[in-house]
Every structure is written in structure tokens, then in C-alpha cells.
Amino acid sequence: MLAEGRRLVPARSGLHEHLAVVDQGPCIDATVRPSQRARRALNATVTFEVDGASTTIPVAELLAPPTEEHRRLHRLPHGAVIRHLDVPRPSGPSIYLKAMDRAAWQFALVGVAAVRGGDDVIVVASGIAATPYVLDAVSSTLAGDWSGDVIDRAAAAATEGLSPGERNGYKLPLLRGLTRRALDSLR
């Protein structure tokens with residue numbers, strides 16, 4: 001799981017059951033905040049202020065996985081103060097589902113937020129990456145066809161290209177199942 005040139009992150013070879021299955025950089029911590037994936041799925045924007053100047057950007061640009069040079073999960077400039085968060089009302093049906101081990105943890109092991117607008121859908125997962133992870137392959141597989149067979153293929157596409165470790169591969173069937181349930185509910 002280590003890419004060439006990456007520093008060794010002990011969690012990659014250790015106890016990583018709850019960590020990311022998407023390799024986005026040096027950190028494999030998995031976001032578990034439901035509000036982040038919902039804001040991302042709903043195309044929310046955030047307005048922040050730095051030295052009296054106000055800027056509005058999509059939440060998708062605000063949240064970013066860490067890099068060796070930039071070790072935060074956001075791209076706010078130093079000294080920025082968030083002044084406003086705009087979360088638009090969805091134009092169509094939406095859903096949030098999560099799978100969790102309630103006996104051990106209170107957060108989602110895997111979560112899926114989905115918003116449908118006409119024949120298009122945005123599906124955002126958490127618990128699999130450092131930031132809310134947009135499942136573009138799901139949307140492109142559906143391509144406006146909401147039949148059962150296509151939904152099955154779209155749910156399978158949710159895990160394409162993901163590379164779990166030895167202990168967190170269980171997240172892949174959870175992600176496929178939640179994606180399938182979410183798409184079924186949005187038909």
C-alpha cells in the first residue's frame with residue numbers, strides 16, 4: 001500500500017480496520033463526519049474572510065486530503081474566519097445511510113449521501129477516504145438509466161479502484177450495499 005517515495009505511516013501496516021481504503025496521500029485517516037458528505041453532495045458553499053476580504057468557494061474546494069506539504073484537511077488560508085455556510089435545498093430526493101458497529105463505535109464505518117436531480121445523481125461516501133469521496137463512477141454508470149440491473153452495476157462501480165489493507169477490506173461490500181440501497185431509494 002505504500003507508494004514510492006512516501007514516508008512510512010505506521011497505520012498502513014498496523015491496526016487500520018477503521019481507516020481509509022482510498023490512498024490520497026500520506027494520511028489514511030477516514031473522515032466520519034456526516035455533515036461533510038451531505039454538504040459535499042448538496043454542492044454547499046462556504047464564505048470566509050481574510051484581512052477584511054470575503055471569498056466564497058464550494059465545499060468541494062475547501063475540503064482536501066492532506067499532502068506532505070499541506071497537512072490539513074481543508075484549504076482555508078491562514079487567518080481565515082468562516083462567516084457563512086450555504087447549503088442549498090436539494091432539487092430532488094436525497095438520502096443518507098451509514099453502517100456502524102454500535103457496540104464499539106458511534107461513527108459510521110462507511111456512510112453514503114446521495115442526491116438526485118432529474119436523471120443525475122451525486123453520491124458521496126465517507127469512512128473510506130480522508131475527505132468526503134465523490135463516487136463519480138456510480139453517476140457515470142447510471143447515466144440516466146435507473147433500472148435494477150444498471151443500479152446493480154453502479155453499486156459495483158462504487159468500489160472500483162479502491163485498495164483496502166488487510167484489515168479494512170470489509171468496507172468494500174458495505175460501500176456497495178449502502179450505495180445500492182441509496183440508489184434504490186432515489187428511483
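User: Before we get going, what does "partly exposed" mean here, and what is the relative accessible area of A156?

Analyst: Partly exposed is the range between buried, under 20% relative accessible area, and exposed, over 50%. Keep in mind that this is a predicted model. A156 lies in helix α5. A156 counts as partly exposed because its relative accessible area is 36%.

User: Which residues of helix α5 are buried, and what arc do they cover around the axis?

Analyst: Helix α5 takes in residues 148–157, and its buried residues are V150, I151, A154, A155 and A157. An α-helix has 3.6 residues a turn, so residues three or four places apart point the same way. The buried ones sit on the same side of α5, because the arc they cover is only 155 degrees.

User: What covers those buried residues of α5?

Analyst: Two helices are part of the cover. One of them is α4, at 136–142, and another is α6, at 171–186.

User: How far apart are A156 and P173 in space?

Analyst: Along the sequence, A156 and P173 are 17 residues apart. Going C-alpha to C-alpha, the spacing in space is 8.9 Å.

User: Moving to the strands, which ones stand at the edges of the sheet β4-β5-β6-β7?

Analyst: This is an open sheet of 4 strands with antiparallel pairing. An edge strand here has a single partner, so one side of it is left without a neighbour in the sheet. That description fits β4 (94–99) and β7 (133–134).

User: How many bridges pair β4 with β5, and which residue is the bridge partner of K98?

Analyst: β4 pairs with β5, residues 110–117, in the antiparallel sense, over 6 bridges. In β5, K98 has as its bridge partner G111.

User: Where does α6 lie, and at what angle does it run to β5?

Analyst: Helix α6 lies across β4, β5 and β6, the last of these being 120–126. Its angle to β5 is about 25 degrees.

User: What about the sheet β2-β1-β3: which strands stand at its edges, and how much are neighbouring strands turned on average?

Analyst: It's an open sheet of 3 strands, paired antiparallel. The edge strands are β2 (53–58) and β3 (81–86), each with a single partner strand, so each has one side without a neighbour in the sheet. Ignoring direction, neighbouring strands in this sheet are turned against each other by an average of 25 degrees.

User: How many bridges join β1 to β3, and which residue in β3 is the bridge partner of V46?

Analyst: Strand β1, residues 45–50, runs antiparallel to β3, and 5 bridges join them. On the β3 side, the bridge partner of V46 is L85.

Technical notes:
Residues numbered from 1 in each chain as written. Predicted model: local features only at pLDDT ≥ 70, side-chain atom pairs only at ≥ 80, totals over all residues. Heavy atoms only, no water. Buried < 20%, exposed > 50% of the residue type's maximum accessible area, 1.4 Å probe, protein only. Arc of directions from axis to C-beta. Contact = heavy atoms within 4.5 Å. Pairing = 2+ DSSP bridges. Axes fitted to C-alpha atoms, helices over the stretch in contact; angles between N-to-C directions.
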